Amino acid sequence: QVQLVESGGGLVQAGGSLRLSCEASGSTFSRYAMGWSRQAPGKEREFVSSISRSGFRLYYADSVKGRFTISRDNAKNTVYLQMNSLKPEDTAVYYCAASPIFTMGEGGMDYWGKGTLVTVSS
């Protein structure tokens, strides 16, 4: 069992940057692959990025590839999502997730945080 708490969301102008953080507790963080998903108002949730337990294998959705970077610090029980060159289309609630194995979609994620809101103005 693992609990996840996201932070770092906020309001940013198009072209700007934000870094999201997700701190895990309740279990051994290094046991889990981690991921980020997002849901824009009135739209389906989109799986954005994931990282393996070791941090070696990475996945990015085409919509964020080249702009977002996922990373993790197992000593701090934290996974990050660095978001650069933000667009209004990136506006969404961003959710952190954990999985026993590395996956490239939401289906394999067993635990979810409550989300943090990112708003990108034009």
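**Architecture and core of an all-strand chain**

In this predicted model, the mean positions of the 13 positive and 10 negative charges of the chain lie 5 Å apart, where Lys and Arg count as positive and Asp and Glu as negative, His and the chain ends being left uncounted, and where each charge is placed at NZ of Lys, CZ of Arg, CG of Asp or CD of Glu. Local features were considered at pLDDT of at least 70 and side-chain atom pairs at pLDDT 80 or more, whereas totals for chains, interfaces and linings use all residues. Residues are numbered from 1 along each chain as its sequence is written, and side-chain values use heavy atoms, without hydrogens or water.

The secondary structure comprises eleven strands and zero helices, these elements being DSSP runs numbered from the N terminus (helices, H or I, at least four residues; strands, E, at least two). The radius of gyration is 13 Å, close to the 14 Å given by the globule rule for 122 residues, so the chain is as compact as a globular protein of that length; the radius is taken over C-alpha atoms, and the rule is 2.2 Å times the number of residues to the power 0.38. Along the principal axes, the C-alpha atoms fill a box of roughly 40 × 25 × 25 Å. Of the 122 residues, 44% count as buried (under 20% relative accessible area, with exposed meaning over 50% and partly exposed in between; 1.4 Å probe, protein chains only).

In the largest nonpolar core, a set of buried Ala, Val, Leu, Ile, Met, Phe, Trp, Tyr and Cys residues joined through side-chain atoms within 4.5 Å, there are 29 residues, of which Met 34, Trp 36, Val 79, Leu 81, Met 83 and Tyr 94 touch the most other members. At least two residues of this core come from each of several strands, among them strand 3, strand 4 (33-39) and strand 8 (78-83). Beyond its neighbours within four places in sequence, Met 83 is in contact (heavy atoms within 4.5 Å) with residues including Leu 18, Leu 20, Phe 68, Tyr 94 and Val 118.

Ser 25, in strand 3 (residues 18-25), is partly exposed at 38% relative accessibility, and, residues up to four places away in sequence excluded, touches Gln 1, Val 2 and Gln 3. Its C-alpha atom is separated by 9.3 Å from that of Thr 78, 53 residues apart along the chain.

Most residues other than glycine have a negative phi. Asn 77, in the loop between strand 7 and strand 8, has a positive phi near 55 degrees, and Ser 85, in the loop between strand 8 and strand 9, has a positive phi near 50 degrees.
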